[in-house]
Amino acid sequence: MESVSILGCGTMGHTIALCAAWANMDVKMKGMDQADIERGLSGIKKKLDTLIDNSIIKEADRTEIQRRISTMTSLEDAVDGATFVIEAAPEDLKLKQDLYQQLDRLCGPSVILASNTSGLKPTDIAAQLAHPERVVVTHFWNPAHLVPLVEVVRGKKTSDETVARSMKLIKQMNKKPIEVKKEVPGFVGNRLQFALFREAQALLEEGVATKEDIDAAVTFGIGRRLPVTGPILSADMTGLDVAKAITDYLFPVLSNAAQSAILQQLVGEQKLGDKTGEGFYNWNDAFSKAINEKREKVLIQFLKSDIK
């Protein structure tokens, strides 16, 4: 089994550490400072509370999971003895490149360096390294402890061994890895997600339906089927003759907009959604709490089904 180190204990870092520890792995988690570490540990505790409350794990498991996570602020200490390093630093290419140059010096050539980036290319991250063949993306989806998907993305120089070890580790963490064979912006998941988002914005801007009804078309329609059949399998079930007939008249009129006027305006006004209290929707405390808890509840129901 790999010896895993997580660089970062923010939104993604601490949940990835939790995934590893939950899968019976000893894991190191590096924070910027002690306050950063405490926030990460607090996040882990809250998530364990929720897992216990929903009978996913038992109270007796908590101590063992927490015991498997060791913390430090020193990069040297974090990677000492590691065979697999997962970086969960902010989405800044220069920052990541600087970090990976340090890792390239500190870690032997057999140590895999994996980034949790949601969009940066592994080739760009590894551009200045002596051993770019051991750099890969392992893109966990938020919240990592509840969403099974992890995208394993190879760069132009990523070795087959690096991909194979990454896929094996992700499976050992009880996740569902997919291999992204070519590094394209957004990988696979975000390209699909944002294609839907672009069309939703276009429908809203054209006044076709309200934001509530556009969202409802997904949550009460295609969203009910997507957990079982993805878009390609769904087309097979529909019948490819029917799918072709629809695409013949629908594809030419779908949005291909490079930008959304509404989105540009909202961001310009610093109306950023849940984080600022207003976006497309008004996010008062009660609404935010209700939506976040509802999403977590549904994800836990799926997780229970996966465990069975």
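1. A residue is called buried under 20% relative accessible area, exposed over 50%, and partly exposed in between. By that cut-off Glu179, with a relative accessible area of 31%, is partly exposed because its value lies between 20% and 50%. The words are used in this sense throughout the note. The model under review is predicted.

2. The sheet. Eight strands form an open sheet: 8 strands in the order S3-S2-S1-S4-S5-S6-S7-S8, with mixed pairing. Its edges are strand S3 (69-72) and strand S8 (176-180), each of which pairs on one side only. On average, and with direction ignored, neighbouring strands of the sheet are turned by 25° against each other.

3. Helices on the sheet. Helix H1 (residues 13-22) packs on the sheet and touches strand S1 (4-7), strand S2 (27-30), S3, S4 and strand S6 (135-140). The direction of H1 makes about 170° with that of S2. Helix H2 (residues 34-53) also packs on the sheet, where it touches S2 and S3. Here the angle is about 160°, taken between the direction of H2 and that of S3.

4. The S4-S5 pair. Strand S4 (residues 84-87) runs parallel to strand S5 (residues 112-115), and the two pair over 4 bridges. Two positions can be checked by eye: Val85 stands opposite Leu113 in S5, and Glu87 has Ser115 of S5 as its bridge partner.

5. Cover on S5. In a regular strand the side chains alternate between the two faces of the sheet. In S5, Ile112 and Ala114 are on one side, with Leu113 and Ser115 on the other. These four residues are all buried, and both faces of the strand are covered.

6. Salt bridges around Arg154. Which two acidic residues form salt bridges with Arg154? One is Asp160, with 3.1 Å from N to O; the other is Glu179, where the closest N and O atoms are 3.4 Å apart. The contact with Glu179 links distant parts of the chain, since Glu179 is in strand S8 and Arg154 in strand S7 (residues 149-154), 25 residues apart. The accessibilities of the three residues are as follows: Arg154 counts as buried at 16%, Asp160 is exposed at 57%, and Glu179 is partly exposed at 31%.

7. Other salt bridges. Lys45, Asp49, Glu59 and Arg62 are joined into one network by salt bridges that share partners. Glu91 and Lys96 form a further salt bridge, their closest N and O atoms being 3.7 Å apart. Is Lys96 buried or exposed? Lys96 counts as buried, because its relative accessibility of 0% is under 20%. Glu91, by contrast, is partly exposed with a relative accessible area of 45%. The count for the model comes to 19 salt bridges.

8. Nonpolar surface in the C-terminal numbering range. Val242, Ile246, Tyr249, Leu250, Phe251, Val253 and Leu254 make a nonpolar surface patch of about 660 Å². One of these residues, Ile246, lies in helix H11 (residues 240-250) and is partly exposed, with a relative accessible area of 34%. Leu240 also lies in helix H11; Leu240 is exposed, because its relative accessible area of 51% is over 50%. The C-alpha atoms of Leu240 and His14 are separated by 43 Å, and the two residues are 226 residues apart along the chain.

9. Backbone geometry to inspect. Most residues other than glycine have a negative phi, and most peptide bonds are trans. Where is the cis peptide bond? The bond from Asn142 to Pro143 is cis, with omega near -5°. Pro143 is placed in the loop between S6 and S7.

10. Positive phi. Asn24 is not a glycine, yet has a positive phi of about 70°. Asn24 lies in the loop between H1 and S2 and counts as exposed at 54% relative accessibility. Asn174, likewise not a glycine, has a positive phi of about 65°. The location of Asn174 is the loop between helix H7 (160-172) and S8, where Asn174 is exposed with a relative accessible area of 60%.

Terms used:
Residues are numbered from 1 along each chain as its sequence is written. This is a predicted model: local features need pLDDT of at least 70, side-chain atom pairs count only at pLDDT 80 or more; totals for chains, interfaces and linings use all residues. Side-chain values use heavy atoms; hydrogens and water are left out. Patches are made of residues with over 30% relative accessible area and no salt bridge: like charges are joined within 9 Å, nonpolar side chains (Val, Leu, Ile, Met, Phe, Trp, Tyr) within 5 Å. Accessible areas come from the Shrake-Rupley method with a 1.4 Å probe; for residues, only the protein chains shown count as cover. A salt bridge is a side-chain nitrogen of Lys or Arg within 4 Å of a carboxyl oxygen of Asp or Glu. Buried means under 20% relative accessible area, exposed over 50%, partly exposed in between (1.4 Å probe, protein chains only). Two strands pair if DSSP finds at least two bridges between them. Axes are lines fitted to C-alpha atoms, for helices over the stretch in contact, and angles run from 0 to 180 degrees between N-to-C directions. Contact means heavy atoms within 4.5 Å.
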